[in-house]
Amino acid sequence: MTSIDHIQGAGPEMDQSATDIATAWMRAVVSGDADTAIALSSSSIVYTTGQVRHYSGHQGIRDIVSDFDRLSGILEVAVEGEVLESGGVVALRRIERYLLPGGGIEIRGCSFVEVEDGLVTRWSDYKSMESLDAVAG
């Protein structure tokens, strides 16, 4: 069963929580599954990473997946600790582990995700890239 099989047919009418949808979306993006991420996204989705990256719509999802694909084998992303959800807004504490030849780097951040009618409409990441910049230059 793919991740989309788990979500399809289990939209809001099946009581999928905003947390379930947000975490399934994140896993799809990070694993390179653009079709699942698009199926879980509104057509007007906006994804931002601080002031560094901005993606819009379903083409933006394909671009995000492509960016993560280039980091395949170097980057692991996971939800860390408690997830908070209120009124369709999900706060995820995330950890990104970059596996570099000189050792690993962990970057902690927070994502705020808005989910409406079973679809991710906005994803905003907040994290400090200082530790990665210090190593990579």
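**Core, helix H4 and selected sites in the predicted model**

In the largest nonpolar core, which comprises 30 residues, the members that touch the most other members are Trp25, Ile61, Ile64, Val113 and Trp123. Two or more residues are given to this core by each of the elements H2, H3, E1, H4, E3, strand E5 (89-100), strand E6 (103-116) and strand E7 (119-127), and the greatest contribution is that of H2, with 8 residues. The coordinates analysed here are those of a predicted model, in which the mean pLDDT of the protein is 85 and 83% of the residues reach 70 or more.

The secondary structure amounts to 5 helices and 7 strands, arranged from the N terminus in the order α-α-α-β-β-α-β-β-β-β-β-α. Of the 137 residues of the protein, 42% count as buried. Among contacts with a separation of 6 or more, 45% are accounted for by residues that lie 24 or more positions apart. Confidence varies between the elements, with the lowest mean pLDDT (39) found for helix H1 (residues 3-7) and the highest (97) for H3. Over residues 1-13 pLDDT stays under 50, and for this segment the model has 14 contacts beyond four places in sequence. Where pLDDT is low, predicted coordinates should not be read in detail.

Helix H4, formed by residues 57-70, has 14 residues and reaches 20 Å from its first C-alpha to its last, close to the 20 Å expected at 1.5 Å a residue. The buried residues of H4 are Gly57, Gly60, Ile61, Ile64, Val65, Asp67 and Phe68; viewed down the axis of H4, these buried residues fall within an arc of 160 degrees, and they therefore line one face of the helix. The face of H4 that is turned away from its buried side carries the exposed residues Asp69 and Arg70. The cover over the buried residues of H4 includes helix H2 (18-31), helix H3 (34-39), strand E1 (41-49), strand E2 (53-56) and strand E3 (75-79). When neighbours within four places in sequence are left aside, Ile61 is in contact with Trp25, Ala34, Ala37, Ile38, Ser41 and Ile45, of which Trp25 is listed, together with Ile61, among the core residues that touch the most other members.

Val77, which is found in strand E3, is buried, with a relative accessible area of 16%. Beyond four places in sequence, Val77 is in contact with Met26, Val30, Phe68, Arg94, Ile95 and Glu96; Phe68 is itself one of the buried residues of H4. Although Val77 and Met26 are 51 residues apart along the chain, their C-alpha atoms are separated by 8.7 Å.

Ser124 is located in strand E7 and counts as buried, at 9% relative accessibility. The side chain of Ser124 makes a polar contact, at 3.5 Å, with the side chain of Thr48. The contacts of Ser124 beyond four places in sequence are with Thr48, Cys110, Ser111 and Phe112.

Asp117, by contrast, lies in the loop between E6 and E7 and is exposed, with a relative accessible area of 71%. The backbone of Asp117 has a phi near 50 degrees, a positive value in a residue other than glycine. Most residues other than glycine have a negative phi.

Note on methods:
Residues numbered from 1 in each chain as written. Predicted model: local features only at pLDDT ≥ 70, side-chain atom pairs only at ≥ 80, totals over all residues. Heavy atoms only, no water. Helix = DSSP H or I, 4+ residues; strand = E, 2+ residues; numbered from the N terminus. Expected span 1.5 Å × (residues − 1). Buried < 20%, exposed > 50% of the residue type's maximum accessible area, 1.4 Å probe, protein only. Arc of directions from axis to C-beta. Contact = heavy atoms within 4.5 Å. Core = buried A, V, L, I, M, F, W, Y, C linked by side-chain atoms within 4.5 Å. Polar contact = N/O pair within 3.5 Å; in protein donor to acceptor, adjacent residues only side chain to side chain. pLDDT = per-residue confidence, 0-100.
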